[in-house]
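Hi,

Here is the structure I promised to pass on. Have a look at it first, and my notes on what turned up follow underneath.

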Amino acid sequence: MATGSFATSGADLELVGIQKRFPGFTAIEHLDLVIPAGSFFALLGPSGCGKTTTLRLVAGLEDPTRGSILIGGEDVTHRKPFQRPVNTVFQSYALFPHMTVLENVAFGLRRRKMAKPLELAQEALELVELEHLASRKPTQLSGGQQQRVALARAVVNRPALLLLDEPLGALDLKLRRQMQLELKSIQEEVGLTFLHVTHDQEEAMTMADTVAVMNKGRIEQLGAPEDLYELPHTAFVANFLGQSNLFTGPVLEATSHAIAVEVAGTRVLVPKARARKHSGEVTVGIRPEKLRLLTEAPPTTAGVNTLGPGTVTDVSFSGVSTQYQVDVPGADSVTVFAQNLDFGPVVTPGTEVWVSWKVDHGFGLEDSASEEAKFAPELDTATIAVQAKRDLAAELEVS
Amino acid sequence: MAFAAFATGTAKEQAPRRKSRIALLLLLPGILYMMLFFLVPLVSLVMTSLQAPVEFGDIGEYETAFRWENYVVAISTYGEHILRSFGYALMATIFALLFSYPLAYFIGVKARPWPLLQKLMLVMVIAPFFISFLLRTLAWKSLLSDEGFLVSSLKALSLMAPDAHFTGTGAAVVFGLTYNFIPFMTLPLYANLERLDTRLVEAGGDLYARPATTFFKVTVPLSMPGIVSGVLLTFIPAAGDYINASPQFLGGPSTAMIGNVIESNFLVTNNYPAAASLSIILMAVILVMVVVYIKRSGTEDLL
């Protein structure tokens, strides 16, 4: 580690054939990953998917069982954490309780023998708007404040690679937005490489240039947030990143530009370019907001898929939009998000409806929805949130 | 961590304002006990220390007086013993700390993945307590005696002069004190290090600190309460110890500590005022040293 100076730019991070086994389980099966310098990369996945382990491997806090780690083209696999040009914002903040906030932030600067560490630390605290708390001890701060100190303590070192382990988890929504922008602007200003680990799909999508969705120690899909959302490759990605309606059926016919899948006795078309599999049983998906709810059977139109009739089982109004659950015989429950363009809900539970969508909006997956059950479905974001809410309610009831 | 229980502040804030008779009633046995077995003996000791010999009386006959010169005489006569006591105790405390810290760190931090090993090692630290303090010290005396295996081997190898001894020297006394008080150092250190948040150690490494720097900047300051407790629990009894330095055990005529002097004044020469004033001096010096030490190490919470 060079002392006395900051990294002038971010560095590439390259993981080659990484495997990490712990006694009793494999955290990472096989991981190849290149993160170009200056990018904001998010590893997204449920808890236990191996994303934090990946981060710890890069930081040098764990040794890979196999494979190598390169930062800026240099092999750092066998370097100790203090020798790597990397800083981490820990999920637990890991602030030193015996030092003031200012000394915490100056810690890395002092170790690298930077000139004027306290002034630089003070500037970093101004960045996170905590300069007035510089002389406090970390235990005297709230969770959100501690998190911002942890952020300042890492960012102040201008590392070539900044690792963020769920860094904004404890912040309230407003501060979170602010910090997201702040982080993004720091990243763009200095051109540092950010590796951000999170289970919050919204955070990953709004902040990162590239998102990798991880599941069970593997990267399921990697790409720009829009691409991942518009064209998920697997059932896990389709359901972890936003919601999806998935239907499985045999391929009836394949033309040069589309495949036809039988769903609930209806032909559903998917563009060939948007389908990963073109024969056998195929799972097709459609995002709930791309669906249209119709109260009359629509005439058959080219370029539009229609399912129905089905019965509305649930209507929930959420201000901006209304969510409908439609029970279509043979195709499970279909979720529809309808924007409240004119007024609120247009149908009531029990109404007979049809749903339709443009063929171009559908996508075909490489695995099936039934396989998806094996991917610990209890760990998707929505369920984690529901579980957290339940836990909180239980806790409040007890006290 | 015996001292942590007395942490100030919170208890005061949470105390109910209403005076409770039950609380007084519950405190009564404690108060009576302290009066009877601490305050009364203390006052009696102070009074004894100021007594004057009865004119033309027998040896050991004293009457109540205010002879503060007893203190001057005690210090001028036994100043060397007082200094030696604190010197030995200080050395023993430092050796015990140097020995105990790695041991406690291993049991409390490194051995965390193996709870069985942790328990086994703790038992090994505590096990010597099952045997009497005197017996253990006597055992060391015979082990380290001139006829013992160790000394005779060293002499055979010419690593020790043929007429040299180990028992009866200051080194033997410091060794004995160190050995006897190591558990008092190890246990509070272990209790503290066992709760050490290793994520902070990781953070130190992440922030470019070498392992040694992380140790001195993070681990040691975090374990300061354990160090303070251990040092106090070792230093205070070691300074007043009279077993190890006694010629019957590991000491010799030139190693007498203040405890030995008090013992001989009380029990051999029957010079009660001198013994009492030495006891008071010992207590006062320890009290001052402890207060200064705690203030300087920044753990006032312990007081």
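Taken over C-alpha atoms, the centres of domain 1 of chain A and domain 2 of chain A are 38 Å apart. Bear in mind that this is a predicted model. As for where the two parts lie, the domain assignment puts domain 1 of chain A at 13-226 and domain 2 of chain A at 233-374.

I spent my time on the interface between them. On the domain 1 side, 12 residues are in contact with eight residues of domain 2 of chain A. Together the two domains bury about 890 Å², with 66% of that on carbon and sulfur atoms. Which residues of domain 1 lose the most area to domain 2? They are Val213(A), Glu220(A) and Gln221(A), and between them they make up 49% of what the domain 1 side buries.

On the polar side of things, the count of salt bridges between domain 1 and domain 2 of chain A is zero. The rule does find three residue pairs in polar contact across this interface, both residues of each at pLDDT 80 or more.

If you want to find the domain 1 face in the viewer, go to helix H6 (201-207), strand S9 (210-215) and strand S10 (218-223) of chain A, the elements that each give two or more residues to the side touching domain 2. S9(A) supplies the largest share, three residues. By type, the residues on that side of domain 1 split into five nonpolar, five polar and two charged.

Shout if anything looks odd when you load it.

Cheers

Definitions and conventions
Residues numbered from 1 in each chain as written. Chains lettered and ligands numbered in written order. Predicted model: local features only at pLDDT ≥ 70, side-chain atom pairs only at ≥ 80, totals over all residues. Heavy atoms only, no water. Domains from an automatic or database assignment. Contact = heavy atoms within 4.5 Å. Buried area = accessible area lost by both parts, 1.4 Å probe. Salt bridge = Lys/Arg side-chain N within 4 Å of Asp/Glu carboxyl O. Polar contact = N/O pair within 3.5 Å; in protein donor to acceptor, adjacent residues only side chain to side chain. Helix = DSSP H or I, 4+ residues; strand = E, 2+ residues; numbered from the N terminus. Nonpolar A, V, L, I, M, F, W, Y, C, P; charged D, E, K, R; others polar.
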